[in-house]
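Please open the structure in your viewer and keep the selection tool at hand. The tour below moves from stop to stop, saying each time what to select and what is there.

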Amino acid sequence: MQTKERIVVGLEVGTSKVCAVVGETMDGVNLQVIGVGQVASTGVRKGEIVDMDAAMQNITAAVAAAEDSAGVEIHNVFASVSGGHIRCFNNRGSVIVTNDDREIGDDEVRNVLLNAKAVNIPMDHVVVHAIRQRFYVDGADGIQNPVRMLGSKLEADVHVIHGVRTRFQNTIRCIKQVPLDVQNIAVSSFASALAVLTTDQQKQGAVVIDMGGGTTDYIVYREGTIQHSGVIAVGGDHLTNDIAIGLRLPMNRAEQMKLEHGSLDIPLADEAITFKREVGLPDLQVSKQQLCRIMNLRVAETLTLVKKELERQKLFDYLASGVFITGGCARLRGLETMAGEIFALPVHIGHSQTINGPTSAIESPEYSTAIGLVRYGLGSQRDQHQPPTATQKFKHTFQHLVQKVRTLM
Amino acid sequence: MATRKSTTENSDTPHRIRLKLFGVGGAGGNAVSQIAGALTGIDVVAVNTDLQALNGMADVEKMQIGSAVTHGLGAGGDVELGLRAAQQDTERLEAAAQNTDLIFIVAGLGGGTGTGAAPVVARVAKEQGALVLAFAFLPFNFEGDRRRQQAQAGLELLKAQADAVICIANDKLFKVAGENATASDAFQRGNELVGTGVQAFWQLLSRKGLINVDFADLRNALGSKHSDGIFSFGTATGPDKSRAAVKAVMDNPLLDSGEILGKAETVLVSVLGGPDMTLADVQRAVEPISRATPRGHVIMGAAIDEAHGDRLTITVVATAHLVARRAAVPVAPRQPVGRRLPEPTSPQRAGNPAPVEEKLNGKKDALPKQEHLPLEGVSRGRFDKSEPTLYDGEDLDVPTFIRRGVSLKR
């Protein structure tokens, strides 16, 4: 099926799920989600791929599901990356304007951004994003676009996000084997923020915390630009693991406990949760209070780590819009109250606000990274969209067939 | 909101809180005699084996202990001697501790009397029904290993007895006083620090505040929890005094630049200002501290002292409960794995039929120990084979409840 409209696909290879979101735009500005495909992830731990084959199969299945639901073929995607190795910092670059008329042009802007990006990062690291924050012309602060201004010295602040090259390449390679083209990658927190925050909220200042299955990614907007970001490799998996260890349950039981009975409010009166086991084994009882205590401690700790980071960066006074929590863990009961107590800021459980589509997709916090990727893709694509080549198409159709056969078998 | 006038009225009511300050040993005695003058309304008792040291003191009630053991001399750095001396005079200590709600004990650890006798005084005071808060000076590093170990052993015992122990490391005093301070200056600063600490509690409780703290609150927060504490204060003047005072509190070397507040479970914030102190001042002073204490229960009080003028003083006492930390043991092997310190049992063997901690807590097990988690024994579950997620030296893959030492009843 040849598409006239522009299709943008976001693919998140996450710890708990692999999720593809298909977005469609008519005018290049407004986006509509037209399809979602999701499968449980089996090859990822703490946001990074640990089993290439499993991850590849998951991706294939998720993309196939997305194709079915959207009724389009998917050839290329925007992928998210995460993991504890991702680091960030802010840097300032500067150039001297050498034109005779001292007018700042696109060249100067490009050069100053390059200069700001040219920083010492570890040998094995690669820059994923260098996001411009603000410009200075001859020291004058707060300039958003210096093009056609006059000045002798142009400076720019950028937020640089970098991480270990090979680990990003693993994700890309895995997707390419499917085979799909990776148009670009974005860190999860950035993608989530694009889905969750409106421009106004970005301007007022906000922190987006994406608590996913394996990692907690956060990003801070101040005065409309990204000021800080980070990844803590702790997520919903850790909650399950804590429960499994604390209550001595197998992982799948612990996961079920978390989803069905878990809450961050520790009940004052204890009650027993009884569940049946296989025939022949006696029923098992679990204390709800302890379940909740284990969860409460873990989530409170993780949020506190984020808070500490914000304090270290002295960003607390710039977050007028408050805290937006998204990702699968945002569904935890009692999270809003707990986060409110920890951050002492308004807390929103993040829904995707910047995109249209079926409510089931938009209102699910766990889709915000993939939805944000669509948004990101739209921004970074800007008329780069090319129809897929014949080989790609062939490969894809073939792969699709294989997949179908597999599911049939 | 109580005014000064009501203070005088209140002072005769039966609910008035009765405080007593015990200085145990040489350093403790010196400290209390120095600060006694500033603390009106508190009975101050100096307890020592050394008659000569006691004689040199003014303004305090003096109690010589263990005259039969030491013959009026000091304990000479012998902890057992200090312990025996106190045990010999338990009855007199009991009498002194009777009818008191809150007892402060000030002792310098590392020597004989302070280290040996302070836990006994704490036990006795506790048995008389008082809430016991101890201020312990820890010896300088340069005083050597033996003294340090002795101090640590004493501290363990003291922590087992007192409701809260606030440690003041002499090494940190140097930082407070500055490199060039004379020795006597530094010690004086230390003593003042204790004075300020006692005063902070005193102000909180003595019903002349803008915002009062109940004794019951304090008891709830500290009572029988064997807390471990740290303490800091700051004073500032001028238009932005609240913020400056908070900064001074946080910058105080005693507080390890505020980091410790994050770990605290109970934080006592006392704000003392002149008559022109506004509620906004109090709020500005307390808020950053509460913010720095995510897990903690913040007890705040604000008092007005006319003599204080334009100044604003913030005193912060942060405590973490030992019981909570101790509970980490159930997941670890029961043996005292990795305990670095010598067993603090030697002082008790000296003819004490019932070791102090057994008497109080019912079981020997309840003695707090210096411990660290045996890392290889801790389960990481499904993350066993993955790269550890380290953050500030903690492996976040290990369940939080294990690292926090929260015990789960089964």
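Begin by selecting M56(A), a residue that lies in helix α1 of chain A, and bear in mind throughout that the model is a predicted one. Is M56(A) buried or exposed? A residue counts as buried if 20 or more other C-beta atoms lie within 10 Å of its own, and because M56(A) has 21 C-beta neighbours inside 10 Å, it counts as buried. If you set aside the neighbours of M56(A) within four places in sequence, the residues in contact with it are C174(A), Q177(A) and V178(A). Add T42(A) to the selection as well: it stands 14 residues from M56(A) along the chain, and the C-alpha atoms of the two are separated by 9.8 Å.

Next, select the sheet of chain A whose five strands follow the order β3-β2-β1-β6-β11, an open sheet with mixed pairing. At its edges you will find β3 (32-40) and β11 (181-187) of chain A, each of which pairs on one side only. On average, and with direction ignored, neighbouring strands of this sheet are turned by 20 degrees against each other.

Within the sheet, pick out strand β1 (residues 6-13) and strand β2 (residues 17-25) of chain A, which pair in the antiparallel sense over eight bridges. For a single point along this pairing, show V9(A), which stands opposite V22(A) in β2(A).

Now bring back helix α1 (residues 52-70) of chain A, which packs on the sheet by touching β1, β2 and β3 of chain A, and whose direction makes about 145 degrees with that of β3(A). Then select helix α3 (residues 165-176) of chain A, which lies across β1, β6 (76-81) and β11 of chain A and runs at about 150 degrees to β6(A).

The following stop is a pair of helices in chain A, α6 (residues 236-247) and α7 (residues 251-260), whose axes come within 8 Å and cross at roughly 110 degrees. With that crossing angle, α6(A) and α7(A) are therefore roughly perpendicular to each other, and their crossing is right-handed. To see where they meet, show L239(A), T240(A), I243(A), A244(A) and L247(A) in α6(A) together with M251(A), A254(A), E255(A), M257(A) and K258(A) in α7(A). Coloured by class, this contact of α6(A) with α7(A) has seven nonpolar, one polar and two charged residues.

Turn next to chain B, which holds 18 helices and 13 strands, and in which buried residues make up 49% of the 410 residues. Among the contacts in chain B between residues at least 6 apart in sequence, 75% join residues at least 24 apart.

In chain B, select helix α2 (residues 25-36) and helix α7 (residues 113-127), whose axes come within 7 Å and cross at roughly 75 degrees; α2(B) and α7(B) are therefore roughly perpendicular to each other. The residues that make the contact are G25(B), G26(B), A27(B) and G28(B) on the side of α2(B), and T113(B), G114(B), A117(B) and A118(B) on the side of α7(B). These residues divide into three nonpolar, five polar and no charged.

Finally, display both chains and look at where they touch, with 17 residues of chain B in contact with 24 residues of chain A. On the chain B side, helix α18 (residues 400-404) of chain B gives the largest share, three residues. By class, the side of chain B that touches chain A divides into eight nonpolar, five polar and four charged residues.

Methods
Residues are numbered from 1 along each chain as its sequence is written. Chains are lettered from A and ligands numbered from 1 in the order in which they are written. This is a predicted model: local features need pLDDT of at least 70, side-chain atom pairs count only at pLDDT 80 or more; totals for chains, interfaces and linings use all residues. Axes are lines fitted to C-alpha atoms, for helices over the stretch in contact, and angles run from 0 to 180 degrees between N-to-C directions. Helices (H or I, at least four residues) and strands (E, at least two) are DSSP runs, numbered from the N terminus. Angles under 35 degrees count as roughly parallel, over 145 as roughly antiparallel, 65 to 115 as roughly perpendicular and the rest as oblique. Two residues are in contact if their C-beta atoms, placed from the backbone, lie within 7 Å. Ala, Val, Leu, Ile, Met, Phe, Trp, Tyr, Cys and Pro count as nonpolar, Asp, Glu, Lys and Arg as charged, and the others, Gly among them, as polar. Two strands pair if DSSP finds at least two bridges between them. A crossing is left-handed if the near helix is turned anticlockwise from the far one by less than a right angle, and right-handed if clockwise. A residue is buried if 20 or more other C-beta atoms lie within 10 Å of its own, exposed if 12 or fewer, and partly exposed in between; C-beta atoms are placed from the backbone.
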